[in-house]
Amino acid sequence: MNIQFKCGDQPGATEVVAHIVSDNGCFGWSALVKPQIRAATAKCNRDTKCLVIPGAGLKKLFEQNKYMGNVIMGGVAEIISKRLKFTKSQLISILCEWW
C-alpha cells in the first residue's frame, strides 16, 4: 500500500509516494492524533484486506484501558518517527542535488 501526497491543490495534481506500507503495517494514525486531519492518501497496489477501527471508538477504549492506550500510542509514535526520518532523508537528498 502506498501512502501518497498530492503536490498542490489543483485537480490532476501529481501524487508522490512518501511511504510504502508493508504487510501487517498500519496507516491512518492521524485519526488518533489532534487535530485529526488526514495527512495523506493510502492507495492499495494489490489486493488487500484491511482491519478498520474507527478512531473515536479506539480512543474511547484507550480511556477505559490506559495501559493498552499507552502501548498503542507508543507504537504510533514509533511509526511517525520512522516516517519523519525517511522524509527528512528524502528532503536532504533533494536539497543536496539542488545546491
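Select Glu63 and Lys66 to start. Their side chains meet in a salt bridge, with N and O 3.0 Å apart. Check the surface: Glu63 and Lys66 are both exposed. Keep in mind that this is a predicted model.

**Stop 2: helix α2**

Select residues 66-98. This is helix α2, with 33 residues. From its first C-alpha to its last, α2 reaches 47 Å. That is close to the 48 Å expected at 1.5 Å a residue.

Now pick out Gly69, Val76 and Arg83. Are these residues of α2 buried or exposed? Gly69, Val76 and Arg83 are buried. Next, show what covers the buried residues of α2. The cover includes strand β1 (2-6), strand β2 (15-20) and helix α1 (55-64).

**Stop 3: a salt bridge along α2**

Stay on α2 and select Glu78 and Lys82. Their side chains meet in a salt bridge, 3.3 Å from N to O. Where do the two sit along the helix? Glu78 and Lys82 are 4 residues apart in α2, so about one helical turn separates them. Colour by accessibility if your viewer can. Glu78 has 45% relative accessibility, so it counts as partly exposed. Lys82 has a relative accessible area of 53% and is exposed.

**Stop 4: a salt bridge between loops**

How many salt bridges does the structure hold? There are 4. Select Asp23 and Arg46 for another one. Their closest N and O atoms are 2.2 Å apart. Asp23 lies in the loop between β2 and β3 (41-43), and Arg46 lies in the loop between β3 and α1, so the pair ties together parts that are 23 residues apart in sequence. Asp23 is exposed, and Arg46 is exposed too.

**Stop 5: Phe27**

Move to Phe27. This residue is also found in the loop between β2 and β3. Phe27 has a relative accessible area of 38%, so it is partly exposed. Draw a line from its C-alpha to that of Ala42. The two residues are 15 apart in sequence, and the line spans 7.4 Å.

What does Phe27 touch, leaving aside its neighbours within four places in sequence? Select Met1, Ile3, Val21, Ala42 and Cys50: Phe27 is in contact with each of them.

**Stop 6: the largest pocket**

Turn on the pocket display. The largest pocket has a volume of about 820 Å³. Its lining has 28 residues, and those closest to the centre are Gly25, Cys26, Phe27, Cys50 and Leu51. So Phe27, from the last stop, appears here again. Helices α1 and α2 are the elements that give two or more residues to this lining. Helix α2 gives the most, with 4 residues. Colour the lining by class. You should find 16 nonpolar, 8 polar and 4 charged residues.

**Stop 7: the second largest pocket**

Go to the second largest pocket. About 460 Å³ of space lies in it. Which residues lie nearest its centre? They are Ile3, Trp29, Ala39, Ala40 and Arg83, out of 21 lining residues. β1, β2, β3 and α2 each give two or more residues to the lining. Which element gives the most? Helix α2 does, with 5 residues. By class, this lining has 13 nonpolar, 6 polar and 2 charged residues.

Finish by selecting Arg83 alone. Arg83 is one of the buried residues of α2, and it is among those nearest the centre of the second largest pocket.

Methods. Residues numbered from 1 in each chain as written. Predicted model: local features only at pLDDT ≥ 70, side-chain atom pairs only at ≥ 80, totals over all residues. Heavy atoms only, no water. Expected span 1.5 Å × (residues − 1). Buried < 20%, exposed > 50% of the residue type's maximum accessible area, 1.4 Å probe, protein only. Contact = heavy atoms within 4.5 Å. 1 Å grid on protein atoms, 1.4 Å probe; cavity = no way out; pocket = protein on both sides within 12 Å on 5 of 7 lines; lining within 4 Å. Points joined across faces, edges and corners; volume = space filled by probe spheres on them. Nonpolar A, V, L, I, M, F, W, Y, C, P; charged D, E, K, R; others polar.
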